Amino acid sequence: MDIVFAVGLQVLSGVATLLITSLGLAIIFGMMRVINLAHGEFLMLGAYAAILSARAGLNIWIAMLVVAPLVVGGIGLVIERLIIRRLYGRMVDTMLATWGLSLALIGAVTMIFGNTVAGFSAPLGSFAIGSFTASAYALFLIAAAIVLFGGIWALLRFTPAGLIARGTMQNAEMASALGVSPDRVYAVTFAAGSAVSGLAGALIAPFSGVVPTMGAAFIAKSFITVITGGAAMLAGTFSASGLLGTVATLGTFATTPVFGEVMMLVVAIVLLRLLPQGITGRFFRRSL
Amino acid sequence: MSGIRLPIELAAASFVAFAAILVLPHVLELFALINATVYVSLAVLALSLALVWGFGGILCFGQAAFFGLGGYSYAVAAINFGDTTYAVPVAIGVPALVAAALGYVMFYGRISDVYMGAITLTLTLILFNFVNSTAGDQWRVGAAPLGGFNGIPSTPPLNLPGDPGNPLPPEWIFAIAVVSLLICYILAKLILRARFGRVIVAIRENERRAELLGYDVRAYKLGIFVIGGAMAGLSGLLFANCVFVSPTMFSLFYSGQIIIWVMVGGLGTLVGPVIGAILLNLLTTWAGTLPEINPSLILGAILVLAVLVMPRGMLPSLATMLGRFRVAGGVT
């Protein structure tokens, strides 16, 4: 019985990690049809922001939950102004430009902080499930994923700002005719997506280690999760990370971490072959 | 395109190639010559994506997968046969077969642009993760250990057909690489001149219209994709001959770089990506010698600027700048 709980917790935290690290990308893709290939580097910047401010003496929770999203959100705002804004509607060009941005950010951070692994240990200890021990941080991660996901959903569903954002997403011209400035909505959306990525980077930092190249491990997985999810960004990301995270974690248990990941990617390819528009192209079409 | 232009362009390309073969081995030191061979092999890779993306309109994030597969199948086959004669067709055939299978899934599944990017990227990652984890003795194909993260350091160099005792010297390998690049270029030119190539370009311009005119879009796309895969395999073979095969051939860094070469050189041209690959590699090597600047920063900044300032790439932008007398048709 204990092993069921232990494995269950692992699966849940795997799903939570995938969900957290994909949300920022999903917001930007879902709202703006922009694929931000520098997403992995936004995670990396969030992790660095958290670790540097924690080292400067700030409380670790404030560093992770407040400083990281603020810093990366600010960076996102600048990047939207300088690069993304010039490329709206040119999806492939945006992908290429953000890929270049990702390389440039890796290079810049390597130059400043060096190519060494920094890290901090998970701030909460561990607890026992029968004869197994589990990290309490895994529980925190699951809770954080629920709160973050619920928060974004509620924001979009119930607040006036969410209504304006959804309206612009559905029909930017109509929204513009009704007195909304799509440019501003896009700028805020991009900054918000970046902030979520920054927060995610800080949250995963304790177990992933902080290096300039850490983003590469996540960008592909998040990209595939969001694409597999399809058009409805929240429902899609939720269902895709649930499915792919479960496959990856169970695969890891059955074989090795590498083959767990390979299994997840194979499932994603098969899924895209069967549902070329992603999961929400067929199911949950009318959801957010 | 007038009838006289094609022979002139092909003659010019052959002239440059043979001049390089005759002059460079005498001018460059051995290390520089091997580096030059690497650049030429990567130029073949750029050419393969120039065909698939620039003319076929298929944005493939996974061209590095075929590159790596070519290198690995060459190394494995050469070690097993003890002779590189039959390793060459294997190195070109395996990536072509994989491209055919993947292309079948994508094109006959009617998968759209972004999703195609996701799938090709995923395949590259799968291969990267898989090859990286093949350390240890249980992972071997015949006599060839796959070597995991370290790759196969004992990749044998090419020998003359049927003469396995005499591996070719670096000057020969360089000449073979240059000739391969020339052959690929001529092939690409001829393909684009033929009916097949014209249909490919028509599909890139307007897929729906080409389909309504009765062309089987799926088959044409599959065709150009397989040709690109085979070419990338050849490039992997050449690369394996001057370095050795390792999982980095499958890495995101390579798949990203190929796209940068084509983009910066000029999408929709053949010469542009070749020049782009060689110039950008020279630049990266040079930047690598500067202690304070990271080469990734330079590459990334170039890509961002290229997209923002000259989205059509170096060659077409230059051509427009140099004069308006070559407007229609453009440089290919």
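The exercises below, each with a worked solution, concern a predicted model with chains A and B.

In this predicted model, local features need pLDDT of at least 70, side-chain atom pairs count only at pLDDT 80 or more, and totals for chains, interfaces and linings use all residues. Residues are numbered from 1 along each chain as its sequence is written, chains are lettered from A and ligands numbered from 1 in the order in which they are written, and side-chain values use heavy atoms, with hydrogens and water left out.

**Exercise 1. Describe the interface of chain B and chain A.**

Step 1: Begin with contact, which means heavy atoms within 4.5 Å; 43 residues of chain B are in contact with 41 residues of chain A.

Step 2: Turn to buried area, the accessible area (1.4 Å probe) that two parts lose on being put together, summed over both. Between chain B and chain A this area is about 3400 Å², and carbon and sulfur atoms give 83% of it. On the chain B side, B:V114, B:Y115 and B:I126 lose the most area to chain A, together 17% of what that side buries.

Step 3: Look for salt bridges (a side-chain nitrogen of Lys or Arg within 4 Å of a carboxyl oxygen of Asp or Glu), of which the count between chain B and chain A is zero.

Step 4: Find the helices involved, where a helix is a DSSP run of H or I with at least four residues, numbered from the N terminus. In chain B, α4 (87-108), α5 (113-132), α10 (252-265) and α12 (295-309) each supply at least two residues of the side that touches chain A, and the largest share, twelve residues, comes from α5(B).

**Exercise 2. Determine whether A:A97, A:T110 and B:Q257 are buried or exposed, and list contacts of each.**

Step 1: Fix the classes: buried means under 20% relative accessible area, exposed over 50%, and partly exposed in between (1.4 Å probe, protein chains only).

Step 2: A:A97, in helix α4 of chain A, counts as buried because its relative accessibility is 1%. Not counting residues up to four places away in sequence, A:A97 touches A:I83 and A:L87 in chain A as well as B:V304 and B:V307 in chain B.

Step 3: A:T110 also lies in helix α4 (residues 91-113) of chain A, and its 16% relative accessibility is why A:T110 counts as buried. The side chain of A:T110 reaches the backbone oxygen of A:I106 at 2.5 Å, while A:N115, A:P212 and B:N294 are its contacts when neighbours within four places in sequence are left aside.

Step 4: B:Q257, placed in helix α10 of chain B, has 5% relative accessibility and therefore counts as buried; with neighbours within four places in sequence left aside, B:Q257 is in contact with B:T284 and B:L299.

**Exercise 3. Locate the nonpolar patch on the surface and place A:F5 within it.**

Step 1: Such a patch is made of residues with over 30% relative accessible area and no salt bridge, with nonpolar side chains (Val, Leu, Ile, Met, Phe, Trp, Tyr) joined within 5 Å.

Step 2: The members are A:M1, A:I3, A:V4, A:F5 and A:F132, with about 540 Å² of accessible area together, as given by the Shrake-Rupley method with a 1.4 Å probe, where for residues only the protein chains shown count as cover.

Step 3: Helix α1 (residues 2-32) of chain A gives the largest share of the patch, three residues. A:F5 has its place in this helix, and A:F5 counts as exposed because its relative accessibility is 52%.

Note on methods:
Patch = residues over 30% accessible without salt bridge, like charges linked within 9 Å, V, L, I, M, F, W, Y side chains within 5 Å. Polar contact = N/O pair within 3.5 Å; in protein donor to acceptor, adjacent residues only side chain to side chain.
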